[in-house]
Amino acid sequence: MKKQQQTKIVLTILLFSVLFSFAQELPKVSITKVGLDSVLVYKKVDSIMKLGIKNTAFPGAQLLVAKDSKIIFHKAYGYHTYDSLQKVQLTDIYDVASVTKITAALPALMKLYDEGKIDLDVPFSTYWKPWRHKANKKHITLREILAHQAGLAPYIVFLNDVLKKNGKLKHRFVKNKPSKKFSREAYNGLYVKDRFKYKMYRKINRSKVSKEKKYKYSGLTFLLYPELVKQITGVDYNTYLQQNFYTPLGLNTMGFLPKNKKYANAIVPTEIDTVFRKELTHNFVHDENAALLGGISGNAGLFASATDLAKIMQMYLNYGVYNGKRYFSNATVKEFTRVQYSENNNKRGLGFDKPTLGNDTLPLAKAYPAPEVSKESFGHAGFTGTFVWADPKNNMVFIFLSNRVYPTRTNRNLYTLNIRPALQQVFYTSKKGTN
């Protein structure tokens, strides 16, 4: 009898999980239901995407747009690589690169802020103790850091610490087989010393700070946030994100270390790496700093499908609510998504990117993102060729995913051709009866 009761409980939980997951899906409706010209939208989007592929901005891409909490457009284009062997599918999973910042590190910080466990306007050294002894950092606030107003160095290439001058690996830091002290897998056959992260922390702690306080993008502290979250909550960063966001939001593909998940979905490759991995980067994070942390970081490392990214951006657009569950207070989302230092010509929110100041007055060629987006809108781009944006005023979520770094990161045609703003503008200017 006891065994039957246990079986019944397990089946009930499984059924609830299935129903819960189903309930999380954004419904799909025809594009005409939201007053857009379907023929015109598809014609324009197809043209822009084909232009991008023809000019090798990316071998393939996909676009998802949600309006009024419903998916109105989701289409895939091209292939994973230029050999045209594997078509891009709507369920494909991408390395989202710096989009990780607003879908992993930032929600954790926002929750801690919501709970009163961190303060934006006290020195960051209040929480990150090594900075208490650094004259150039001890007074910097978390608000300044998240708005990229702190004068921190943009980036440190930690790969230089694990490679010799001849390009070979320093085996005191990276080995070809795992062991008790080398358990962090950076790539197939590359295992980083577990304590290497402390070397990274020390270099960040000692890094230079500009005396001039103006907008200067820096991702350095995002390498520290996983450790900070663990210190404050007592819960491992990855576990904290799964428990508080990804599982309740029904984000079945969003997470770190995709190789270990055995997804049925295809994972899109990134760059043919000639420096570190010596082959096509696939199933592992592209960003080397995140890789040297074992693939779990605050700056990069997250993988996700377009639909999962749409859900978390819809939650932000709803000012912290999704499917009846509140994740943040309305005030917290508004605080993090507003421009912080406009008087210093800094357009950024807290962690979130914002439109260029005066964006609505600019032509498409100079705007970022599309000139029609509202001042309330926000999002972030990823180095691998990803881009997510939410516009609360127009109730629109825009998700663009590509692997523009294939075969090399030097390929910048995605930017020179202005692909993403052009695609986004289509959904603001293609209303029925206006063309």
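Let's start at Glu185, which is buried, with a relative accessible area of 18%; buried here means under 20% relative accessible area, exposed means over 50%, and partly exposed lies in between (1.4 Å probe, protein chains only). Before we go on, note that this is a predicted model, in which local features need pLDDT of at least 70, side-chain atom pairs count only at pLDDT 80 or more, and totals for chains, interfaces and linings use all residues. Residues are numbered from 1 along each chain as its sequence is written, and side-chain values use heavy atoms, with hydrogens and water left out.

The side chain of Glu185 meets that of Lys259 in a salt bridge (3.3 Å, N to O). The term stands for a side-chain nitrogen of Lys or Arg within 4 Å of a carboxyl oxygen of Asp or Glu. Glu185 sits in strand β5 and Lys259 in the loop between α7 (237–249) and β7 (272–273), so the pair ties together parts that are 74 residues apart in sequence. Helices (H or I, at least four residues) and strands (E, at least two) are DSSP runs, numbered from the N terminus. Unlike buried Glu185, Lys259 counts as partly exposed because its relative accessibility is 37%.

How many salt bridges does the structure hold? There are 19 salt bridges. Side chains of opposite charge can pair when their charged atoms come close. One such pair is Arg143 with Asp121, whose closest N and O atoms are 2.6 Å apart. This pair links distant parts of the chain, 22 residues apart: Arg143 belongs to helix α4 (residues 142–146), and Asp121 to the loop between α3 (100–114) and α4. Arg143 is buried, at a relative accessible area of 13%, whereas Asp121 is partly exposed, at 47%. Glu115 and Lys117 also meet through their side chains in a salt bridge (3.2 Å, N to O). Here Glu115 counts as partly exposed at 38% relative accessibility, and Lys117 counts as partly exposed at 42%. There is also a network of salt bridges, linking Glu271, Asp273, Arg277, Glu288 and Arg409.

Glu288 turns up again around Leu159. Leaving aside neighbours within four places in sequence, Leu159 is in contact with Val275, Phe276, Glu288, Asn289 and Leu292, where contact means heavy atoms within 4.5 Å. Leu159 is found in the loop between α4 and β4 (174–175) and is buried, with a relative accessible area of 8%. Its C-alpha atom is separated by 9.7 Å from that of Leu169, ten residues apart along the chain. For another spot, look at Gln242 in helix α7, which is partly exposed at 23% relative accessible area. The C-alpha atoms of Gln242 and Ser47 are separated by 38 Å, with their positions 195 residues apart along the chain.

Now for the nonpolar interior. A nonpolar core is a set of buried Ala, Val, Leu, Ile, Met, Phe, Trp, Tyr and Cys residues joined through side-chain atoms within 4.5 Å. The largest one has 100 residues, of which Phe124, Leu146, Tyr225, Leu309, Met313, Tyr316 and Ile399 touch the most other members. Not counting residues up to four places away in sequence, Leu146 touches residues including Leu106, Phe222, Tyr225 and Phe336. Apart from this core lies another, of 29 residues, among them Ala370, Phe387, Met396 and Leu423.

Leu423 is also one of the buried residues of α12. Helix α12 (residues 419–429) is mostly covered, with ten of its eleven residues buried. In helix α5 (residues 196–206), the buried residues are Phe196, Lys197, Met200, Tyr201, Ile204 and Asn205. They pack against β5 (184–187), β6 (190–192), α6 (225–233) and α8 (288–292).

Helix α8 leads us to the open space. On a 1 Å grid over the protein atoms alone, a pocket is an open set of points where a 1.4 Å probe fits, with protein on both sides within 12 Å along at least five of seven lines, and lining residues have an atom within 4 Å of a point. The largest pocket has a volume of about 750 Å³; grid points are joined across faces, edges and corners, and a volume is the space filled by probe spheres set on the points. Of its 30 lining residues, Ser98, Lys101, Tyr217, Gly382 and Phe383 are the closest to the centre. The elements that give two or more residues to this lining are α8 and β12 (378–382), and β12 gives the most, with three.
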